[in-house]
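Visitor: Could you take me through the places where the parts of this model meet, one boundary at a time? I'd like to know what each contact is built from.

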Amino acid sequence: MTMRRNDFRARNHPAWWAFWLHRVSGLLLALFLPVHFTLLAQALHGTAALNGLLRLTDSALLKVAEWGLVTLLALHLTGGVRLLLIEFGPASGLRKNWIAGGVGVALAVGLAFALSLLA
Amino acid sequence: MSETTLQVRIWRGGSADVGGTFQTYDVPRRDSQTVLDVVTHVQRAIDPTLSYRYACRVGMCGSCAMTVNGKARWTCRTHVSRVIGDDGALEIAPLANLPVVKDLATDMRPFFDKWAAARGRFQGAQTRLDDFARVSPDSPERRAANAGIECIGCGVCYGSCDVVQWRPEFLGPAALNRAWTLVNDVRDTDRRERLRAVAGDAGCHSCHTQGSCTERCPKGIAPTLGIAGLKRTVGRAAAKGEL
Ligand code: SF4
Ligand code: SF4
Ligand code: FES
């Protein structure tokens, strides 16, 4: 006797998508962090090495990547606050208002960052 | 209502690996028809070998849960009009995450075994000769217990939880909701053992707060919040060295 497994229809609701976003943004950020620290570590080898690498960040592709990172960070942060509220705050459902608000804030932060890049 | 006909896909046989599959039946559409009415029509008028479970038909016994158009539901209180697709599609399958016995009937034993494992049984110190315990309806404990006490043991939450699917030993939302209800029962004397029972890898800390249980529970219970309460309580007890 084996069991039936759910498909996407069972998962298609806001709290599950919030979980998915949190997981994916967390994984992507985890992938990025080693790169980030490698770059910072270059500072230890003197300014020339660091500057060489930092010049790379002027390229358009990296700008887009930076924008993505900032947005991911904002998404992960607002999602994390929602989880903390569910776990430690007064009981108030699945806090779906935070899902909508969090995504909105994260996108706004991303846009603001994109604008500052253009400026 | 008009003489329209529903085309219903119903799961027949055991699980897919032993040849189970959907079969289509034509069922007359009626006013105020529930999904359970549809299944009952098929069994009484078309194929008496169809197996499924129900008892009360009014949302009290918790025996009629199935997967309807992909989502777990209590079928006796689910109106066809609320779940039917725009194309008129209705698909009825057994609950997920439980072994399929035959057709729409699942083996609920793992589900209830986990209630027992989570120490879901009340343990009191008084006898029937003692006076009633007085618990203020306004106390935080009573309120927390109230939030979870109407569970009918239908397994809808269990059949919706990804963590149950990923980690078969996970106690699951209903058992943990029950444990949380009893943790808040001030008369109960088994608190420490219960907290121990839900503190392990199979317990509350495995929940990823996906909220599928809370989203689907037909009684409006939020096991997600009860599990969060258990996490806090277990954490506090562990910090004090009480576990
Ligand atoms: S909130 Fe926890 S118990 Fe409920 S469905 Fe999600 S993972 Fe399962
Ligand atoms: S918590 Fe809700 S969905 Fe889960 S068994 Fe109880 S009544 Fe059913
Ligand atoms: S038949 Fe009892 S809850 Fe549906």
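**Where the parts meet**

Guide: Happily! Let's start inside chain A, where the count of residue pairs in polar contact between domain 1 and domain 2 is zero, taking pairs with both residues at pLDDT 80 or more. Please keep in mind throughout that this is a predicted model. Salt bridges between domain 1 and domain 2 of chain A also come to zero. What the two domains do share is a buried area of about 650 Å², with carbon and sulfur atoms giving 71% of that area. On the side of domain 1 of chain A that touches domain 2 of chain A, the elements that give two or more residues are α2 (14-42) and α3 (47-56) of chain A. Of these, α2(A) makes the largest contribution to that side, three residues. Sorted by class, this side of domain 1 of chain A has four nonpolar, one polar and two charged residues.

To place those domains on the chain: domain 1 of chain A covers 28-58 and domain 2 of chain A covers 59-119. Seven residues of domain 1 of chain A and nine residues of domain 2 of chain A take part in the contact. The C-alpha centres of these two domains of chain A are 24 Å apart.

Now step across to the boundary between the chains. Here 25 residues of chain A and 35 residues of chain B are in contact. Together, chain B and chain A bury about 2600 Å², and carbon and sulfur atoms carry 50% of that area. Four salt bridges are found across this interface of chain B and chain A. If you'd like a salt bridge to look for on screen, try the side chains of A:Glu87 and B:Lys231, which meet at 2.9 Å, N to O. Between chain B and chain A there are also 15 residue pairs in polar contact, both residues at pLDDT 80 or more.

Which elements of chain B build its side of that contact? At least two residues each are supplied by β5 (90-93), β6 (100-102), α5 (162-166), α8 (212-216) and α9 (223-239) of chain B. Among these, α9(B) gives the most to the side that touches chain A, with five residues. By class, the side of chain B that touches chain A divides into 11 nonpolar, 15 polar and nine charged residues.

Chain B has an internal boundary as well. Its domain assignment gives domain 1 (4-106) and domain 2 (109-239), and the C-alpha centres of these two domains of chain B lie 29 Å apart. The contact joins 14 residues of domain 1 of chain B to 16 residues of domain 2 of chain B. About 1100 Å² is buried between domain 1 of chain B and domain 2 of chain B, and carbon and sulfur atoms give 65% of it. Three residues are well worth highlighting: B:Ala72, B:Trp74 and B:Asn97 supply 45% of the area that domain 1 of chain B buries against domain 2 of chain B, more than any other three residues. The salt bridge count between domain 1 of chain B and domain 2 of chain B is zero. Polar contact does appear across this interface within chain B, in two residue pairs with both residues at pLDDT 80 or more. Strand β4 (residues 71-74) of chain B provides four residues, the largest share of the side of domain 1 of chain B that touches domain 2 of chain B. That side of domain 1 of chain B has nine nonpolar, three polar and two charged residues.

Before you leave, have a look at the ligands too. Around ligand 1 there are 13 residues, of which B:Cys161, B:Cys207, B:Gly211, B:Cys213 and B:Thr224 come nearest. The shell around ligand 1 takes two or more residues each from α8 and α9 of chain B, elements that also supply at least two residues each to the side of chain B that touches chain A. By class, this shell around ligand 1 has seven nonpolar, six polar and no charged residues. Ligand 2 has its own surroundings, including B:Cys151, B:Cys154, B:Cys157 and B:Cys217. B:Phe111, B:Pro218 and B:Lys219 are also among the residues around ligand 2. The shell around ligand 2 counts nine nonpolar, two polar and one charged residues.

Notes:
Residues numbered from 1 in each chain as written. Chains lettered and ligands numbered in written order. Predicted model: local features only at pLDDT ≥ 70, side-chain atom pairs only at ≥ 80, totals over all residues. Heavy atoms only, no water. Domains from an automatic or database assignment. Contact = heavy atoms within 4.5 Å. Buried area = accessible area lost by both parts, 1.4 Å probe. Polar contact = N/O pair within 3.5 Å; in protein donor to acceptor, adjacent residues only side chain to side chain. Nonpolar A, V, L, I, M, F, W, Y, C, P; charged D, E, K, R; others polar. Near = heavy atom within 4 Å.
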